[in-house]
Amino acid sequence: MSRIPRTPPSKNSLSGSRSESDLSTTASASNSGESNVTTRNKRPRMNSSPKGPSSSGFPSGDLRTDLLNMLSDWKGDQDRRLDEWKISLDDTLSKLVTEVTQLKKECQEIKNTNRDIENGMKFMNEQHEELSSKVKNLEGQKKANSEAINNLETKIQGLQFLSRVATIEVRNIPHYDSENFESLLSILTRIGKELDLTIDSKELRDIYRLPGKPGTARPIVAEFSCVHTRNELLSRVRKLIKEKLIPEKLNTQTLGLPGAKSLKYIDEHLPPAQRKLMYETRQIAKKFKYACWYSNGRVFLRMDAAGKPVIIDSEKCLDDLVKQII
């Protein structure tokens with residue numbers, strides 16, 4: 001299909017249909033006669049309306065002054081508070097520094113004290129170990145000394161027994177004025193007569209009273225020159241004890257002694273240690289109804305009539321026996 005050309009419009013027709021887009025400009029130009037000045041019609045401001053911003057875009061003079069004053073006051077208040085806070089913070093920091101310094105000082109003193117305590121404890125431990133060693137050595141020496149003392153006591157008791165092996169002791173004989181060897185020999189001779197045993201002065205080495213408190217009946221000690229005579233006399237005395245004839249045979253009347261009737265006791269002349277041991281053994285025998293006696297330097301204890309007698313050679317032996325009984 002062929003294109004059909006069209007005739008363009010004339011210039012007059014285009015110019016006649018144009019219009020102004022800015023009506024206000026057109027109106028103002030028609031009124032003032034100037035085409036390049038544009039005016040804008042605005043409603044006038046009332047007197048009661050608030051003051052608006054100035055033509056420069058900033059607040060008016062009074063409001064600006066108020067805002068500046070308010071900001072100045074706020075800044076001063078903040079500065080004052082900051083200064084107070086800084087002073088308070090400085091005081092707090094100063095106190096903290098002082099306290100930390102004091103704590104460091106106290107900690108150092110505690111460390112020094114602990115160091116001194118540790119040194120003291122170390123010294124005390126060393127002293128304790130040294131003392132423990134010394135005590136251990138002393139205990140060993142004490143044990144050795146105790147054994148040596150016991151051995152010496154045993155030897156002394158043996159020597160005392162040997163020195164008294166032929167000696168007897170007569171107890172409960174009143175003391176008389178002007179007492180001498182002959183008067184004491186007469187008493188011993190009468191005792192031998194009651195025992196059907198002849199005692200000659202030649203068989204006596206010595207006869208005397210033991211020392212003691214005045215006014216008391218001190219024992220008479222007779223030392224025989226022959227052990228056989230002494231053993232025979234003690235054997236007859238023990239026979240009377242067994243037959244319970246001591247009250248009839250050995251008393252003041254049968255021996256021809258003045259004073260009230262009283263029993264006389266004859267036994268071995270014991271050393272002090274053996275005498276004490278015999279006394280303690282006798283107390284135990286009375287308590288538990290046992291039998292005890294002394295013979296040839298030894299203390300015997302029988303717990304049963306049909307039992308075997310026990311030799312009591314020391315106080316420790318007696319204590320151990322009592323612990324077994326209890």
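Of the 326 residues of the protein chain, 19% count as buried. The structure is a predicted model. The chain holds 8 helices and 7 strands. Among contacts in the chain with a separation of 6 or more, 52% join residues 24 or more positions apart.

**Confidence**

- The protein chain has a mean pLDDT of 80, and 81% of its residues reach 70 or more.
- Strand S3 (residues 220–224) has the highest mean pLDDT among the elements of the chain, at 92. Helix H2 (residues 23–32) has the lowest, at 45.
- The pLDDT is below 50 over residues 11–35, and this stretch has 10 contacts in the model beyond near neighbours in sequence.
- Where pLDDT is low, predicted coordinates should not be read in detail.

**The sheet of 4 strands**

- One open sheet has 4 strands in the order S2-S3-S1-S4, and the pairing is antiparallel.
- S2 and strand S4 (265–268) stand at the edges of this sheet. Each has a single partner strand, so one side of each is left without a neighbour in the sheet.
- On average, neighbouring strands of this sheet are turned by 20 degrees against each other, direction ignored.
- S1 and S3 are joined by 4 bridges in the antiparallel sense. Thr167 stands opposite Glu223 in S3.
- H5 packs on the sheet and touches S1, S3 and S4. The direction of H5 makes about 130 degrees with that of S4.

**The sheet of 3 strands**

- Another open sheet has 3 strands in the order S5-S6-S7, again with antiparallel pairing.
- Its edges are strand S5 (291–295) and strand S7 (310–312). Each of these has a single partner strand, so one side of each has no neighbour in the sheet.
- From one strand to the next, the twist averages 30 degrees.
- Strand S6 (residues 298–302) pairs with S7 in the antiparallel sense over 3 bridges. Val299 stands opposite Ile312 in S7.
- In general, strands of a sheet pair through backbone hydrogen bonds, either parallel or antiparallel.

**Nonpolar cores**

- In soluble globular proteins, nonpolar side chains tend to be buried together.
- The largest nonpolar core has 26 residues. Those that touch the most other members are Ile168, Leu188, Ile191, Phe224, Leu233 and Ile266.
- Strand S1 (167–171), helix H4 (181–194), strand S2 (204–209), S3 and helix H5 (227–243) each supply at least two residues of this core. H4 gives the most, with 5 residues.
- Phe224 has contacts beyond four places in sequence with residues including Ala166, Ile168, Leu188, Ile199 and Leu233. Phe224 also touches Glu203, Leu204, Arg205, Thr229 and Arg230.
- A second, separate core has 12 residues, among them Ala285, Val299, Ile312 and Leu321. Val299 and Ile312 are also the residues that stand opposite each other in the pairing of S6 with S7.

**Cysteines**

- A disulfide is a covalent bond between the sulfur atoms of two cysteines.
- A search of the whole structure finds 0 disulfides.
- Cys226 has a relative accessible area of 32% and is partly exposed.
- Cys292 is also partly exposed, at 22% relative accessibility. Since buried means under 20% relative accessible area, neither Cys226 nor Cys292 counts as buried.

Conventions: Residues are numbered from 1 along each chain as its sequence is written. Side-chain values use heavy atoms; hydrogens and water are left out. Two strands pair if DSSP finds at least two bridges between them. Axes are lines fitted to C-alpha atoms, for helices over the stretch in contact, and angles run from 0 to 180 degrees between N-to-C directions. A disulfide is a pair of cysteine sulfur atoms within 2.5 Å. Buried means under 20% relative accessible area, exposed over 50%, partly exposed in between (1.4 Å probe, protein chains only). pLDDT is the predictor's confidence in each residue, from 0 to 100. Contact means heavy atoms within 4.5 Å. A nonpolar core is a set of buried Ala, Val, Leu, Ile, Met, Phe, Trp, Tyr and Cys residues joined through side-chain atoms within 4.5 Å.
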